[in-house]
Amino acid sequence: MRLLAFAALLTAVATPALAAEPFNILGTWVPVSHAAARIGTTPSGAYDTYTKPSLVRDKALGWSYTFDKQDGAAFSGISHGPKGKPEMTVGVFRMDGRRFVLSTDSGNASGEVNGDEIEICWTDNVPNYIAASCTTYKRK
Amino acid sequence: MRSLALAFVLASLSTAALAAEPPNVVGTWIPVEHSSARIGPREGLPTYAAPSLTHDLHFAWKLVITAQDGPAFAGYNTGPSGKPKDLVGVFRSDGVRFVMSTDGGAATGEVMGDKLEFCFTDAIPVYVAAGCTIYQRR
């Protein structure tokens, strides 16, 4: 009986370590800092065309996100660039409940929660356009 | 006055924690360790019908970073085809880890002292590959 209780205790302790409660990401997130590098023509029309690498640090050039659905680790929403069309965005938290992956039509990203901020880093790989960016967000 | 000074110190520490200064990565980086796995056809390589797993440094791409503005950087890498390919990258706010993009795929990496590691995944039709390479500055 004592062994059974010990096993139950071990299970209870081990379970949260395996799959932590994911961060509630619902809401609108706006950039507070942004850095990016890109070459080419973005298919969404969000940026100008660059024939040479463009390196920028300007939060006005970051995308904002509105996540309106979350079911445990999975979530979805819309992202808005500085111009051009909004994009559907889907994502999932890792088991630690803090780090996550994101995907849209044009690329994929990884992110993490830092206190009340989130950081999202993108890589875009589409014909005639490559880009990488990291943006820190606060909830609106 | 003392509390004002303390607040200033705390604010400085907190800012540094939020966005650490990234290292200067401009220069030529030489592969010192490499592992990769691939299957399918790729320019400059034999076509692999079955997965090929290797630790041969000859499969590592040469990395040259030509420009950097804070966390953002750009350059090119040269693989087995011998043709340089543009790359762009950005450091995360910790100033250590970064993401990178080329026309063939994406990579994540980090700087460890005088070494740099990046791990790529290729996204090219009918070719899949993943690899990690450790570089040292020339």
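## Two chains and the core they share

Buried residues make up 35% of the 140 residues in chain A, and I would like to begin from that number as I take you through this structure, which, please keep in mind, is a predicted model. For chain B, which has 138 residues, the part that counts as buried is 30%.

Let me turn to the elements. Chain A has one helix and nine strands, and if you read along its sequence you meet them in the pattern α-β-β-β-β-β-β-β-β-β. Chain B also comes to one helix and nine strands, and its pattern along the sequence reads α-β-β-β-β-β-β-β-β-β. As for how each chain folds back on itself, we can take the contacts between residues at least 6 apart in sequence: in chain A, 46% of these join residues at least 24 apart, while in chain B the residues 24 or more positions apart account for 41%.

Now, where do the two chains meet? On one side there are 23 residues of chain B, and they are in contact with 21 residues of chain A. On the chain B side, β3 (62-69), β4 (72-78), β5 (84-91), β6 (97-102) and β7 (105-112) each supply at least two residues, and the largest share, five residues, comes from β5(B). If we sort the residues on this side of chain B by kind, we find 13 nonpolar, six polar and four charged.

This brings me to the interior. The largest nonpolar core has 45 residues, and those with the most contacts inside it are A37(A), A131(A) and A132(A), together with V88(B), V90(B) and M100(B). The element that gives the most to this core is strand β9 of chain A, residues 129-139, with six residues. To see what this looks like from one position, consider A132(A), which, leaving aside its neighbours within four places in sequence, is in contact with A36(A), A37(A), W122(A) and T123(A) in chain A, and with V88(B), G89(B), V90(B), V99(B), M100(B) and S101(B) in chain B.

A second position worth finding on the screen is A35(A), in strand β1 of chain A, residues 27-40. Is A35(A) buried or exposed? It counts as buried, because it has 28 C-beta neighbours inside 10 Å, and 20 or more are required. Beyond the residues up to four places away, A35(A) touches V56(A), R57(A), S133(A) and C134(A), and across in the other chain G70(B), P71(B), A72(B) and V90(B).

By contrast, let us look at R138(B), in the segment after β9 (128-137) of chain B. This residue is exposed, since there are 10 other C-beta atoms within 10 Å. Even so, R138(B) touches G27(B), T28(B), W29(B) and I30(B), among residues over four places away in sequence; G27(B) is 111 residues from R138(B) along the sequence, yet their C-alpha atoms are 7.6 Å apart.

Finally, a word on backbone angles. Most residues other than glycine have a negative phi. In chain A, however, N128(A) has a positive phi, near 65 degrees; this residue is in the loop between β8 (117-126) and β9, and it is exposed, with 11 other C-beta atoms within 10 Å. In chain B, V126(B) has a positive phi near 55 degrees, lies in the loop between β8 (115-122) and β9, and is exposed, with 9 other C-beta atoms within 10 Å.

Technical notes. Residues numbered from 1 in each chain as written. Chains lettered and ligands numbered in written order. Predicted model: local features only at pLDDT ≥ 70, side-chain atom pairs only at ≥ 80, totals over all residues. Core = buried A, V, L, I, M, F, W, Y, C linked by C-beta atoms within 7 Å. Buried ≥ 20, exposed ≤ 12 C-beta atoms within 10 Å, placed from the backbone. Helix = DSSP H or I, 4+ residues; strand = E, 2+ residues; numbered from the N terminus. Contact = placed C-beta atoms within 7 Å. Nonpolar A, V, L, I, M, F, W, Y, C, P; charged D, E, K, R; others polar.
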